[in-house]
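Trainee: Please take me through the pockets of this protein. I would like to know what lines them and which parts of the chain contribute.

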Amino acid sequence: MDFADIITDIWRGCLGNDSVLQPLWDSLRLNHTDYLRSPLFPVVLTVSSYFILCLPFLICDVMGDRWPWVQQFKIQPSRRPTASMLLHCAGVTLYNHVFLVLPASVAQWAWRPPVDLPHRAPSLLEMIAGVTGNMLLFDFQYYIWHLLHHKIGLLYVTFHAIHHNYSSPFALATQCTG
């Protein structure tokens, strides 16, 4: 057995092994079913993950002049979001989730109640493929949605124009793109 075979076996063992995610899966399935089935779960999950994933970029924006090495990676290094911009976008995010995502989640929960997780956890490779596929699909749909907002005047004026109030891109402005 050569080095490539050893690496391939390790790769298959970690990614294709059904038991890698099973302990976490069983814990979720057995101890947290009520939370997973709640119509609040999608709202809490999306808001918390959104802010957590934006946090490193927000820190870089806030540090601004104190971290000049970060500015070389910005599209417009001379422009920085103000506190009012950050608060406005955070407010839009919370508003969208409370008044749009939560009602949709409750409606879906009432129309089609959630099902329990299956007993078998996906393999790590299945999980990575599923998350990657969903991200690509979401990104493509979001691109089409954004394009439609630029092509259809009513959508642009009613929903999307707020996005163009921000002259410089920053992490929280993504929720203001409509």
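Mentor: What follows covers the largest pocket and then the second largest. Keep in mind that this is a predicted model.

Start with the largest pocket. Its volume comes to about 1900 Å³. The lining counts 47 residues. Nearest the centre of this pocket sit Tyr 50, Phe 138, Tyr 142, Thr 174 and Gln 175. Several helices give two or more residues each to the lining: H4 (40-63), H5 (68-71), H6 (83-111), H7 (124-151) and H8 (153-160). Helix H7 supplies the largest share, with 12 residues. Now look at the chemistry of this lining. Nonpolar residues number 28, polar residues 15 and charged residues 4.

Now turn to the second largest pocket. Here the volume is about 290 Å³. Its lining holds 15 residues. Ser 38, Pro 42, Ser 105, Gln 108 and Trp 109 lie nearest the centre. Two or more lining residues come from each of helix H3 (33-37), H4 and H6. The largest share belongs to H6, which gives 5 residues. By type, the lining of the second largest pocket splits into 9 nonpolar, 4 polar and 2 charged residues.

Put the two lists of helices side by side. H4 and H6 each give two or more residues to the largest pocket, and H4 and H6 do so for the second largest pocket too. For the leading contributors, look to H7 in the largest pocket and to H6 in the second largest.

Key. Residues are numbered from 1 along each chain as its sequence is written. This is a predicted model: local features need pLDDT of at least 70, side-chain atom pairs count only at pLDDT 80 or more; totals for chains, interfaces and linings use all residues. Side-chain values use heavy atoms; hydrogens and water are left out. On a 1 Å grid over the protein atoms alone, a cavity is a set of points where a 1.4 Å probe fits but cannot get out, and a pocket is an open set with protein on both sides within 12 Å along at least five of seven lines; lining residues have an atom within 4 Å of a point. Grid points are joined across faces, edges and corners, and a volume is the space filled by probe spheres set on the points. Helices (H or I, at least four residues) and strands (E, at least two) are DSSP runs, numbered from the N terminus. Ala, Val, Leu, Ile, Met, Phe, Trp, Tyr, Cys and Pro count as nonpolar, Asp, Glu, Lys and Arg as charged, and the others, Gly among them, as polar.
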